[in-house]
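Subject: Structure for you to look at, with notes

Dear colleague,

I am handing over the structure below, and my notes on what was found in it follow directly after. Please read them with the model open beside you.

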Amino acid sequence: MSSPPTSRLLFDEPGPRARRRIRITTAGSVLAAALLVLLALRQFAENGQLAADRWEPFGTWPMWRYLLDGLLSTAKAAAVAIAIAMAGGIVLALGRTSPSRWLRLPAAAYVEVVRTIPALLLVYVVLFALPRYGLNLPLFWKLVVPLAVSNAAAFAEIFRAGIRSVERGQLEAGLAVGLTRGRAMRLIVLPQAARRVLPSLVSQSAGLLKDTSLGFVVSYAELLYSGKVLANYNHLLIQTYLIVALIYLVVNATLSKIARTLEARQRTRPSRAVQDAAPAAPVAKTS
């Protein structure tokens, strides 16, 4: 049986009027953004911020090496936080779909409560509250732990949507052949669920990558904090932060492109599966 598109797992597909409103809103937003960019460029030009000598330092390798080191620290923090948050999300999703209320209720409470708390507040808890009780984490974990705790709830909802999308007969078939519920979920349901929500997982990971800029608060040397240090050194505040913004734009645009590509492949996969499963047409006998 074919799997539904990912968009149908998380929200209803918009109708013709909703799509028209989306197109109009998108066009208006793009025009407004373009106008703001033009106004900003005009102000920069009038104040000499676009002069060649102010951009010349960014044509040197030591400047880029420093920013790329910050990007590498961002990638490390994001990778570890994503791994922990995904693992926690799977556990929470299994708890929310469990028939046992002793597992379902705590998992639901965690997701509903943590989703309402800003990640910045969790950073402040790790940064200021925990040291008072003798738990003073290294800078790396002061950033990673709040991001993992916050995003585990979001990943849990994505995995839960994927589990709900898998036909119930898949789990029942696993139980019928003697598998325990846990093994049936792990071997049959979860792989299908993860494949169906893969684009949403990539999108959530891109959001988490942007949240690593909260390392600015804990003085962790990620990309934004490295930009701050660099701007204090070269006194090129606007140019430095524009370069940092450009790096974020390129990285997140790449991840968004990967998510769209995965979603497009999933839309074409069912039709291919149907074609492969279709029986060959019988050859007419000639007399």
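A residue is called exposed here when its relative accessible area is over 50%, buried when that area is under 20%, and partly exposed in between. By that rule R168, with a relative accessibility of 62%, counts as exposed, whereas its salt-bridge partner E172, at 44%, is partly exposed. The closest N and O atoms of these two side chains are 3.3 Å apart, and both residues lie in helix 8 (residues 168-176), where four residues, about one turn of the helix, separate them. Please keep in mind throughout that this is a predicted model.

Overall architecture

The secondary structure of the protein consists of 13 helices and zero strands. Of the 287 residues in the protein, 33% are buried, and the surface that the protein exposes comes to about 17,600 Å², with carbon and sulfur atoms supplying 65% of that area. If one takes the contacts in the protein with a separation of 6 or more, 77% of them are between residues 24 or more positions apart.

The nonpolar cores

In soluble globular proteins, nonpolar side chains tend to be buried together. In this model the largest nonpolar core has 30 residues, and L143, L147, I163 and L208 are those with the most contacts inside it. Two or more residues of this core are given by each of helix 4 (61-96), helix 6 (119-132), helix 7 (139-165), helix 9 (181-196) and helix 10 (198-211), and the largest share, seven residues, comes from helix 7. What does L147 touch, once its neighbours within four places in sequence are left aside? The contacts of L147 are then with A81, A119, L208, D211, T212 and L214. Apart from the largest core lies another, of 10 residues, which includes L230, I243, V244 and I247.

A nonpolar patch on the surface

Some nonpolar side chains are found on the outside: L120, L121, Y124, V125 and F128 form a surface patch, and together they have about 440 Å² of accessible area. One of these residues, V125, is placed in helix 6, and its relative accessible area of 36% makes V125 partly exposed.

The salt-bridge network

The count of salt bridges comes to seven, and a network of such bridges links R96, E112, R115, E157 and R160. Within this network, E112 forms a salt bridge with R96, in which the closest N and O atoms are 3.6 Å apart. Because E112 lies in helix 5 (residues 101-114) and R96 in helix 4, this pair ties together parts that are 16 residues apart in sequence. The two partners are covered to unlike degrees, since R96 has 14% relative accessibility and counts as buried, while E112 is partly exposed at 37%. E112 also meets R115 in a salt bridge, with an N to O distance of 3.4 Å, and R115 is partly exposed, its relative accessibility being 46%.

Is E157, which belongs to the network as well, buried or exposed? With a relative accessibility of 17%, E157 counts as buried, because the cut-off for that class is under 20%. E157 lies in helix 7, and its side chain makes a polar contact of 3.1 Å with the side chain of R160. Leaving aside neighbours within four places in sequence, E157 is in contact with R96, V111 and R115.

A buried alanine in helix 9

The last site in these notes is A184, which lies in helix 9 and is buried, with a relative accessibility of 0%. Beyond its neighbours within four places in sequence, A184 is in contact with L171, G174, L175, L179 and V189. The C-alpha atoms of A184 and Q170, residues that are 14 apart along the chain, are separated by 8.5 Å.

With best regards

Notes:
Residues numbered from 1 in each chain as written. Predicted model: local features only at pLDDT ≥ 70, side-chain atom pairs only at ≥ 80, totals over all residues. Heavy atoms only, no water. Core = buried A, V, L, I, M, F, W, Y, C linked by side-chain atoms within 4.5 Å. Buried < 20%, exposed > 50% of the residue type's maximum accessible area, 1.4 Å probe, protein only. Contact = heavy atoms within 4.5 Å. Patch = residues over 30% accessible without salt bridge, like charges linked within 9 Å, V, L, I, M, F, W, Y side chains within 5 Å. Areas by Shrake-Rupley, 256 points an atom, 1.4 Å probe, with all protein chains shown as cover. Salt bridge = Lys/Arg side-chain N within 4 Å of Asp/Glu carboxyl O. Polar contact = N/O pair within 3.5 Å; in protein donor to acceptor, adjacent residues only side chain to side chain.
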